[in-house]
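Thank you for making time this morning; I would like to walk you through one model, going element by element. Please have the sequence and the structure open as I speak.

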Amino acid sequence: MAEYYLAVDIGASSGRHILGHLENGRIELEEVYRFENGMDKKDGHLCWNIPRLFEEIKAGLKACKAAGKVPKSMGIDTWAVDYVLLDGENRILGNTYGYRDGRTKGMDKEVYRIIPEDALYARTGIQKQIFNTIYQLMAVKQQEPENMEKAEWLLMLPDYFHFLLTGNKMSEYTNATSTQLVSPETRQWDCELIERLGYKPSIFRPLHMPGTVVGPFSKEVEEEVGFSCEVVMPATHDTASAVISVPTLTEDCLYISSGTWSLMGIENDRAICTPESRKRNFTNEGGYEYRFRYLKNIMGLWMIQSVRHELEDKYSFARLCEMAEKESDFPSRVDVNDDAFLAPDNMTEAIKTYCKKHGWKEPETVGQIAAVIYQSLADSYAETVREIESLTGRHFEAVNIVGGGSNAAYLNQLTADKSGRTVYAGPGEATAIGNLAVQMLKDNQFAGLAQVRACIYESFGVEKYDPS
């Protein structure tokens with residue numbers, strides 16, 4: 001009988017339950033459940049529907065039971081920065097805001113009144129993004145001080161879902177680093193910084209590494225889903241899980257975890273917190289075994305996802321790539337990291353407006369819109385390669401693309417052409433595979449990270465794109 005492990009991988013637009021097991025030395029995957037996700041408008045804010053997400057988590061567990069494939073362990077990963085505050089009776093205080101909500105506007109200035117931006121970066125190594133938890137908590141302090149006062153726990157979202165499954169409240173390291181409140185030296189919360197900012201220090205509990213056992217299902221969950229299993233912390237930040245599964249990652253290779261966001265960087269054994277690194281907006285997020293993911297957040301496939309939804313999902317992503325390729329000579333470009341594309345009411349119009357404002361030819365057809373997005377993304381990737389080489393003094397021969405975006409052959413070839421680097425693409429389900437890998441490592445199925453990466457390469461392979 002195969003021993004199954006379950007990755008619950010929840011992204012900003014969808015979630016999936018993926019079972020993994022070892023067979024003839026390879027990792028085999030099976031998707032047993034998938035559901036939609038997205039932010040809802042509530043009281044004029046963009047929020048996550050946490051009760052609905054937890055029902056979806058349990059529905060996927062029931063699907064495992066129905067398939068006769070009960071996992072030995074399971075773990076949940078999600079996007080970063082979003083959290084819940086719990087009171088003494090474990091009730092969520094206030095709304096569970098989504099990172100695209102606008103309530104953090106101006107909160108960076110409030111933080112910098114207490115600690116200057118350059119000093120904050122030197123202390124945490126985390127790039128400034130207005131939705132980082134540090135700014136979200138300043139919004140709580142300024143706008144909902146009663147919730148900060150009542151709070152007894154802060155849990156990042158995957159930690160909260162683990163708590164709902166087990167009754168045990170534990171905080172995982174990789175996701176916590178995205179808050180901009182963790183020290184890269186101690187690898188724990190920066191309590192002095194937290195106190196200076198006026199946040200409640202007692203709500204920040206000790207951080208645990210991926211592979212830590214949270215506990216078995218509570219009796220209530222066991223009775224509802226029909227079985228119990230061990231909950232094991234994966235790298236709960238989805239990008240940290242994705243980087244674990246990069247199959248060809250060596251010291252002379254870069255990676256892009258390509259999905260709603262494109263996270264592009266290298267794996268480091270130390271944080272780079274220099275002024276030049278801050279100016280280029282690079283970040284040092286926590287990784288498996290205290291590695292640092294030295295990377296830049298790039299807007300990613302969010303733009304093409306949004307355009308596709310505005311077209312009522314009429315075209316597949318493969319079709320959009322084909323249409324873009326036919327318009328490859330269309331000259332216009334956008335800065336994919338411009339705030340105009342973070343949460344526009346209409347992405348298509350935002351792209352047209354940007355082009356018009358900056359003197360570019362305005363795209364008119366779907367193919368032209370798609371071409372602008374893909375060409376601009378590849379330009380951003382190529383520029384990021386140059387920045388990383390400048391900041392590290394190293395040369396990188398190749399780029400590894402994992403995640404859903406690794407299936408975009410047109411974008412992969414553009415990336416190779418514009419960067420002048422060989423591109424290796426795959427696996428597509430990188431985050432779930434990385435989640436499963438941690439569970440298998442914890443269960444002694446592999447001797448270490450190098451061995452599990454070699455197995456991932458053998459199991460899923462890669463597509464190679466040479467610069468033309």
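Let me begin with strands β1 and β2, which form a hairpin with three residues between them; strands here are DSSP runs of E of at least two residues and helices are runs of H or I of at least four, both numbered from the N terminus. Before going further, I should say that this is a predicted model, in which local features need pLDDT of at least 70 and side-chain atom pairs count only at pLDDT 80 or more, while totals for chains, interfaces and linings use all residues. Residues are numbered from 1 along each chain as its sequence is written, and side-chain values use heavy atoms, with hydrogens and water left out.

Returning to the hairpin, β1 (residues 5-10) runs antiparallel to β2 and is joined to it by six bridges, where two strands pair if DSSP finds at least two bridges between them. Within that pairing, Leu6 has Leu19 of β2 as its bridge partner.

On to the next strand: β2 is also joined to β3 (residues 26-36), by ten bridges and again in an antiparallel arrangement, and there Gly20 stands opposite Leu29. β2 and β3 form a hairpin with two residues between them, and Asn24 in that turn has a positive phi of about 55 degrees.

How enclosed is β2 by the rest of the structure? Eight of its ten residues (14-23) are buried, so β2 is largely enclosed; buried means under 20% relative accessible area, exposed over 50%, and partly exposed in between, with a 1.4 Å probe and protein chains only.

These strands bring us to the annotation: UniProt, in an unreviewed entry, gives residues 4-244 as "domain: Carbohydrate kinase FGGY N-terminal", and such annotations may be inferred rather than shown by experiment. That span is 35% helix and 24% strand, and its end C-alpha atoms lie 19 Å apart.

The unreviewed entry also lists residues 254-440 as "domain: Carbohydrate kinase FGGY C-terminal", a span that is 45% helix and 17% strand, with its end C-alpha atoms 25 Å apart.

Finally, helix α17 (residues 430-442) has 13 residues and should span 18 Å at 1.5 Å a residue, which agrees with the 18 Å between its end C-alpha atoms; the expected span is 1.5 Å times one less than the number of residues. Twelve of the 13 residues are buried, so α17 is largely enclosed by the rest of the structure, and among those buried are Ile433, Leu436 and Met440. Just after α17, Asn444 takes a positive phi of about 60 degrees.
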